[in-house]
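Hi,

Here is the structure for you to load. My notes follow below it.

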Amino acid sequence: MSVNTANRKFSSNLVVLHGSPHRDSHTEKLTYDHLAQYTDGTAIFHFDLFHTPIYPCIDCKYCQTHDGCPIDDPFESIVGKLDEADTIILSTPVYYMGFPAPVKAFIDRTQQLFARRILFKREEIANNKQGVLICTCGSGDLSAIEALRAPSEMFFSVFGAKLTEMVYLAGTDLPQNRRSFNRINFLEKEMSK
Ligand SMILES: Cc1cc2nc3c(=O)[nH]c(=O)nc-3n(C[C@H](O)[C@H](O)[C@H](O)COP(=O)(O)O)c2cc1C
């Protein structure tokens, strides 16, 4: 899976949310391969969600009437970085046709941002960011990959980011010759219409 470095990308501020519990895992390798496309000037921040104690949303409704969230954990500091980013990469394996629990917990906690930025419009929302979904699944069934697309789009939307690219490796539990890799650039697809 070598990358074409002839057309290197630039992002002044890129944040990666890592959702695999393993180092040097399929998802992590795919992600580092992808990151190799960015120019040296790109500032890259990594957050390892499996090793960051983020509590799940308890739907206490506080965020319907207030800014912020009563739960005190590192969530806010990660959000600060995501708000500053121009590219957000969500890097995750598929677990039961969805996200691993720590990734889902993080995504659910962005409900407070959904409430104040989209539902009640108490805060301006950016609209110039790119969202990249990098994912792997054990089976060769691409519906597992597709299952992450809509929730990822919704997650990116609370940061004013569009899903511009999806990179996946399906069949990681299968022999090499039954795996499928693909990189879908939605911006290029849109422009070629
Ligand atoms: C709890 C759990 C649930 C999983 N659910 C699915 C699934 O629904 N579909 C699938 O194709 N693979 C599933 N897998 C396989 C992983 O998606 C696959 O092994 C993935 O490549 C692991 O990524 P990593 O090596 O980067 O951690 C599951 C694995 C685990 C541990």
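Leaving aside neighbours within four places in sequence, which residues is Ile 145 in contact with? They are Val 94, Cys 135, Cys 137, Tyr 168 and Ala 170. Keep in mind that this is a predicted model.

The core

Ile 145 belongs to the largest nonpolar core, which has 38 residues. Along with Ile 88, Ile 89, Leu 133 and Cys 135, Ile 145 touches the most other members. Several elements give two or more residues to this core. Among the strands are strand 1 (13–18), strand 3 (87–93), strand 4 and strand 5 (161–170). The helices are helix 3 (75–84), helix 4 (101–109), helix 6 (143–146) and helix 7 (149–157). Strand 5 supplies the largest share, 7 residues. As background, nonpolar side chains tend to be buried together in soluble globular proteins.

Helix 3

Helix 3 has two sides. Phe 75, Ile 78 and Leu 82 are buried. Why do they count as being on the same side of helix 3? Because they cover an arc of only 70° around the axis. An α-helix has 3.6 residues a turn, so residues three or four places apart point the same way. On the other side of helix 3, Ser 77, Gly 80 and Glu 84 are exposed. The buried residues pack against strand 1, strand 2 (43–48), strand 3 and helix 4.

The ligand

The shell around the ligand holds 19 residues. The closest are Ser 25, Thr 27, Pro 93, Cys 137 and Gly 138. Two elements, helix 1 (26–35) and strand 4 (129–137), give two or more residues each to this shell. Helix 1 gives the most, with 3 residues. By type, the shell divides into 7 nonpolar, 9 polar and 3 charged residues. Cys 137 turns up twice in these notes: it is among the residues closest to the ligand, and it is also in contact with Ile 145.

Phe 114

One more residue to look at is Phe 114, in helix 5 (residues 111–119). Is Phe 114 buried, exposed or partly exposed? It counts as partly exposed, because it has 16 C-beta neighbours inside 10 Å; a buried residue needs 20 or more. Leaving aside neighbours within four places in sequence, Phe 114 is in contact with Leu 119 and Val 158. Cys 63 lies 51 residues away from Phe 114 in sequence. In space, the two are 9.2 Å apart, C-alpha to C-alpha.

Best wishes

Methods. Residues are numbered from 1 along each chain as its sequence is written. This is a predicted model: local features need pLDDT of at least 70, side-chain atom pairs count only at pLDDT 80 or more; totals for chains, interfaces and linings use all residues. A residue is near a molecule or strand if its C-beta atom, placed from the backbone, lies within 6 Å of it. Helices (H or I, at least four residues) and strands (E, at least two) are DSSP runs, numbered from the N terminus. Ala, Val, Leu, Ile, Met, Phe, Trp, Tyr, Cys and Pro count as nonpolar, Asp, Glu, Lys and Arg as charged, and the others, Gly among them, as polar. A residue is buried if 20 or more other C-beta atoms lie within 10 Å of its own, exposed if 12 or fewer, and partly exposed in between; C-beta atoms are placed from the backbone. Two residues are in contact if their C-beta atoms, placed from the backbone, lie within 7 Å. A nonpolar core is a set of buried Ala, Val, Leu, Ile, Met, Phe, Trp, Tyr and Cys residues joined through C-beta atoms within 7 Å. The arc is that of the directions from the helix axis to the C-beta atoms.
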